[in-house]
Amino acid sequence: MIILKTERDLELMRPACAVAGAVLNDVAAFIRPGVTTKQVDEFAASRIKHYGAKSAFLGYRKYPCHTCISVNDEVVHGLASDRQLRLGDIVSVDVGVLYRGYIGDNARTIPVGGCGVAAQRLMDVTEKALYEGIAAAVPGNRVTDISRAIQNYVEGNGCSVVREFVGHGVGRTMHEEPQVPNFVDAKSNQKLRPGMTLAIEPMVNAGRPEVKILNDGWTVVTQDGSLSAHFEHTVLITEGEPEILTWPEKMPSRLKVS
Ligand code: MF3
Ligand code: CO
């Protein structure tokens, strides 16, 4: 069942998403060569707490960290560790928060200090694919229109989309219907309606699409060792243009801190 959000839901969902966006923004500014992924996760935890929220990931199916931090060939669900980030790495940070009963979910791949042209191109393709998907998130379209927009853009630019992990509805819980694959899948063909809130999240590999899970039971990596990038926003379907809920700029002034 797809849960359509009412204005009352959205009064709480908007701030939850704004907090998720603000935390991700704070973390992006914190990332630099030499810091460990554990330090990044601890910093994220302190920002989540600062905004009065909780991590939506910690403890979810026994997930052990506050955020997902995935470096280079790691696709998603990377675990914080003593690994130091190095100049030229690309690090995907996924932040989901629970705030007053609602969840905001967003992710971004960030270069550490700077990165090579191939990595930058992969990030650009992935981020643009996210916006292509968002542009298709309008009533009258179906979930597959979002999927197709993302897949066509990614594959048209010589990259590949991961099949095993998908976007999703989000609200009071992290994973609601519908699934939002980044490839056309006839099983996910629901009609888009105003009030749907979707986490749209292309996971894009520079090489082949296949992935595997490491022995830690969580970290997803590319099978061929190629780089991977991940961009995600929580988006509201409206009568008109889709509304991106996870912009840090949307942080309500009463939550803002200097
Ligand atoms: N944004 C991811 C998702 O929507 C993060 C989940 S990580 C987990 O599935 F640890 F919570 F599973
Ligand atoms: Co998500």
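A polar contact is a pair of N or O atoms within 3.5 Å; within protein, one must be able to donate a hydrogen and the other to accept it, and residues adjacent in sequence count only if both atoms are side-chain atoms. In this predicted model, local features need pLDDT of at least 70, side-chain atom pairs count only at pLDDT 80 or more, and totals for chains, interfaces and linings use all residues. Side-chain values use heavy atoms, with hydrogens and water left out.

Three side chains make such contacts with oxygen atoms of ligand 1, as tabulated here.

| Side chain | Distance to an oxygen atom of ligand 1 |
|---|---|
| His168 | 2.7 Å |
| His175 | 2.8 Å |
| Glu201 | 3.3 Å |

Of the 330 Å² that ligand 1 exposes when taken alone, the protein buries 94% (Shrake-Rupley method, 1.4 Å probe). Around ligand 1 stand 13 residues (a heavy atom within 4 Å), the closest being Tyr63, Asp94, Asp105, His168 and His175.

Asp105 and His168 also serve the cobalt ion (ligand 2): its protein donors are Asp105 (OD), His168 (NE2), Glu201 (OE) and Glu232 (OE), at 2.1 to 2.4 Å. Donors are N, O and S atoms within 2.8 Å of the metal (3.2 Å for Na, K and Ca); water is not among the atoms, so sites may look incomplete. Along the sequence, the donor residues follow the spacing D-x62-H-x32-E-x30-E.

Key. Residues numbered from 1 in each chain as written. Chains lettered and ligands numbered in written order.
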